[in-house]
Amino acid sequence: MNIPGLPRERRAEFDRELRPRLIKGGIVSVAWIVLVIIFSGFTTSLIISTAILLALYAVPWEMIRYGKWVVPSVAILLAITYPYYRDDLYEVPLFGPFPSVDTAVTMTIFIMMAIGLNIVVGYAGLLDLGYVAFYAMGAYTAAWFASPHFGESVGNVHVGSVGVNPEAAGFHVSIWVVLIVAGIFTGIIGILIGLPTLRLRGDYLAIVTLGFGEIMPQIARNGDNLFGTGFNLTNGAQGINPIDPPGFGAAIAGWTGLPEDYLSFNSTFLGKEIGGVEVFYWTALGLLLFTVFCSVRLRDSRLGRAWIAIREDETAAAAMGVPLMRTKTWAYAAGAFFGGIAGAYYASFKGGTFPDDFFFNISVFILCMVILGGMGNVWGVILGGGFLAYLNQEGLGNIGAEINENLGTNIDVPLYQFGIFGVILVVMMLFRPEGLIPSARRKAEFELEDAVDEEYLYDVRGGPVN
Amino acid sequence: MATQARRLPLPTLAGRLPQYIAPALAMLLVGMVIIWLGVNFIKTPSEFYRLFLIGLTNGAIYGLVALGYSLVYGILELINFAHGDVFMLGGMLVATMVSSFGLAGDSGLVLWSMILLMLVIVMAFCAVLNTTIELVAYRRLRHAPRLAPLITAIGMSFILQNVGLVWKGARPTSVDSILPRGEVFTIGGVTYTWDKLIVLLFTVPVLLMLMWLVQKTRQGKAMRATAQDRDASAMMGINVNRTISFTFLIAGALAGAAGLLYALYITNIRYDEGFRLGLIAFTAAVVGGIGNLPGAVLGGLLIAMIESFNNGLSWATPGSDWTQSIIFALLIIILVFRPEGLLGEQVPEGG
């Protein structure tokens, strides 16, 4: 039998690749199926989903012509259709049911932020402990331009807003514009923060970004009476809400059937009732795809190669003519841009923004995603980000309930959230610093025996350090 | 040949400013602070004394914690994020001991010997804890890229915070007030109370002993040598690992002493207090010049003064809402413009 797209002479090679992967994947799949059947019973979805994953893993797709597109496109397809088959999926032992669509929105947004941070930490090797500042900036931009907040103090401005009474007080700009504005605005903030601080190296940069990350929420909390002028910028500890939902407006909705606005949307599509959450999810997926695309293209661009050069050896990069400041500032701006978009979209999804959302924990939480998945590798970061965001939203609660039910204990697992993230950071750094799915380049770096003593990875200082 | 314009290197922020501008700005800032303090002093002298005394006391505690950061940074060039949380756990241990020993009504010799006993216990506890952290989380990463131990430090900090949270809950744990709070002397209508004096009386000998240890003893010499050049000191027969462990031991003991004083003086402690105070203390260490021991204490006093005056003064004061922002802004300004700190000679990261 001939496989389409595979030259006849490479058939033997193909089989040689396929066989061990099939055996390995097959054993894992059978073990998984047995495990799930023992703990939560048999469902067809279990067999089908495992078979799909096995096919994706075992077949050496890269050998077939156009085969390298198979895995990403199937993954995208599975992600898009998730709301359709989520209810039919089996229960994972210990973790319980698969994440709800609502959780999936949050996961997607956090993955976006993690990819943004990955540009700064993973590509350019600059440890940023204040990434939450960019998230906050994006969220507040959305709050300023798409809420009734400035109605009393400034006036009413309406630009293409939907789902809002045309007479409503405050600024109401279309969320699509706000997303772009938030990204650009946050990028500018990133440049402003970066310009004075990026001259610092390593841990000093980390502590300065931490400082900015702590100042930002404090401004948000005290910004209801900024510098005693009585101007209410952030509405203080109450936060700003409601923030307008995204939407396409009556005219476009009439032509295309796209939702007029997300909150009140309700329709049936391909035999499933589609509510606001599903639309939010698909939009988030679109934004995520955009982020992933930009991130991968940036990595392979001239700028991205300059980032990696700086990460590996700053002095050598400078000697090769890479302008350090400009390159680092661009890394900051790019990371901040995606953080801002994600923050603005998240604020619109939650319908409000509150200063208590922007603690240092969130910075570390996002950093944890990047480290768990594998610094520098987009696919690893997607995996790490999705998993940790899921744990935070649903997983820990589910695990706790499961443990308490079966062991008769009364452990409040979400209480240990901090500690679990701490353990992940420590264990990953000690035993697998390259992450779950390391990028090929990073892996090579960590495997080079003789290079272990050099400080090539993040920071360069004169001479070997013990 | 036509003369070609010489191409200048890419301008950086510092490079673009004329050389005298940064000092001039600093002078301006200091001048404004002095005017602010002066006006406030003339308007409300008694308030000024009161806040000064509070600042002095808090400064002693900050200084103790800052010393731990400074010692560890001096020897490993690592920001030990977990240090503040070691301090917090020490404070929680004291809270537990005070209630379980039933010290609330005691006074006189019994009280003092018990406080001394608690000091020994909490110092030992924190010292062992800090050394264990070094052993578990940092030692294996001695040869790893520099940001790896920084990330494990954050991880350890989170773990310890979680321990505190599970141990004492999310609300502040109150500690019975056992320090005498009688009057020592009165200045400008403000009474200086015993508890404040006791904090200083504890701190000063600890500092002097630490100075003596680092400057005069063999072990201190080994510490300084290791800080300067680890390879060379290993060749000179210094046991580098033991010296580093010893440094963490000392730093932990200092954090324990600070935890005792904080718990007894402030009389409550919460699981995230350590992280907050740790950041302040780290700022103090940086302001004074990290790796520089007198600098750490000076930085601690300075930060505590800023905090206390900003929280309490009335004329043209940003107020307590902004204290943390001011402290971090100071940290950023110092790191950007004078990374070696106010007193620092050892420059780990020149600008």
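# A walk through the predicted two-chain model

Val178(A) is buried, since 30 other C-beta atoms lie within 10 Å of its own, and a residue counts as buried when that number is 20 or more. The structure it belongs to is a predicted model, and this residue makes a convenient starting point. Val178(A) has its place in helix α7 of chain A, and, leaving aside residues up to four places away in sequence, it touches Thr141(A), Ala142(A), Phe145(A), Ala146(A), Val173(A) and Ala344(A). Leu367(A), by contrast, lies 189 residues from Val178(A) along the chain, and the C-alpha atoms of the two are separated by 26 Å.

One of the residues that Val178(A) touches, Val173(A), leads into a sheet of chain A. This open sheet is made of three strands in the order β1-β3-β2, and its pairing is mixed. The strands at the edges are β1 (146-147) and β2 (157-159) of chain A, each with a single partner strand, so one side of each has no neighbour in the sheet. Strands of a sheet pair through backbone hydrogen bonds, in either the parallel or the antiparallel sense. Here β2(A) and strand β3 (residues 171-173) of chain A pair in the parallel sense over three bridges, with Val159(A) standing opposite Val173(A).

Further along chain A there is an antiparallel pair, in which strand β4 (residues 266-269) and strand β5 (residues 272-275) are joined over four bridges. Thr268(A) stands opposite Glu273(A) of β5(A). The two strands form a hairpin with two residues between them, and in this hairpin Leu270(A) takes a positive phi near 50°.

The helices of chain A offer another view of how the chain is put together. Two packed helices are described by the angle between their axes and the distance between the axes. For helix α10 (residues 276-300) and helix α13 (residues 324-350) of chain A, the angle is about 180° and the axes are 12 Å apart; α10(A) and α13(A) are therefore roughly antiparallel to each other. On the α10(A) side the meeting residues are Phe280(A), Ala284(A), Leu287(A), Thr291(A) and Leu298(A), while α13(A) brings Ala334(A), Phe338(A), Ile341(A), Tyr345(A) and Phe349(A). Sorted by class, this contact has nine nonpolar residues, one polar residue and no charged residues. Ala318(A), which lies in helix α12 (residues 314-319) of chain A, is partly exposed, with 15 other C-beta atoms within 10 Å. Ala318(A) and Ala306(A) are twelve residues apart in sequence, and their C-alpha atoms are 9.7 Å apart in space.

The loop between α8 and α9 (249-256) of chain A deserves a pause for its backbone. Most residues other than glycine have a negative phi, and most peptide bonds are trans. Asn235(A), which has its place in this loop, has a positive phi near 60° although it is a residue other than glycine, and it is buried, with 20 other C-beta atoms within 10 Å. Pro242(A) is found in the loop as well, and the peptide bond that leads to it from Asn241(A) is cis, with omega near 0°.

Chain A also meets chain B, with 42 residues of chain A in contact with 41 residues of chain B. On the side of chain A that touches chain B, α7 (175-197), α8 (202-222), α14 (360-373) and α16 (417-431) each supply at least two residues, and α8(A) gives the most, with twelve. The residues of this side divide into 27 nonpolar, eight polar and seven charged.

Within chain B, strand β2 (residues 183-187) and strand β3 (residues 190-193) pair in the antiparallel sense over four bridges. Phe185(B) stands opposite Tyr192(B), and Ile187(B) has Val190(B) as its bridge partner. The hairpin formed by β2(B) and β3(B) has two residues between the strands, and Gly188(B) in the turn has a positive phi of about 55°. None of the five residues of β2(B) is buried, so this strand lies largely in the open.

Helix α12 (residues 293-312) of chain B has other surroundings: 16 of its 20 residues are buried, so the helix is largely enclosed by the rest of the structure. At 1.5 Å a residue, its 20 residues should span 28 Å, and the 29 Å between its end C-alpha atoms agrees with this. Finally, Thr267(B) lies in the loop between α10 (240-266) and β4 (268-269) of chain B; although not a glycine, Thr267(B) has a positive phi of about 65°, and with 18 C-beta neighbours inside 10 Å it counts as partly exposed.

Definitions and conventions
Residues numbered from 1 in each chain as written. Chains lettered and ligands numbered in written order. Predicted model: local features only at pLDDT ≥ 70, side-chain atom pairs only at ≥ 80, totals over all residues. Expected span 1.5 Å × (residues − 1). Buried ≥ 20, exposed ≤ 12 C-beta atoms within 10 Å, placed from the backbone. Pairing = 2+ DSSP bridges. Axes fitted to C-alpha atoms, helices over the stretch in contact; angles between N-to-C directions. Parallel < 35°, antiparallel > 145°, perpendicular 65-115°, else oblique. Contact = placed C-beta atoms within 7 Å. Nonpolar A, V, L, I, M, F, W, Y, C, P; charged D, E, K, R; others polar.
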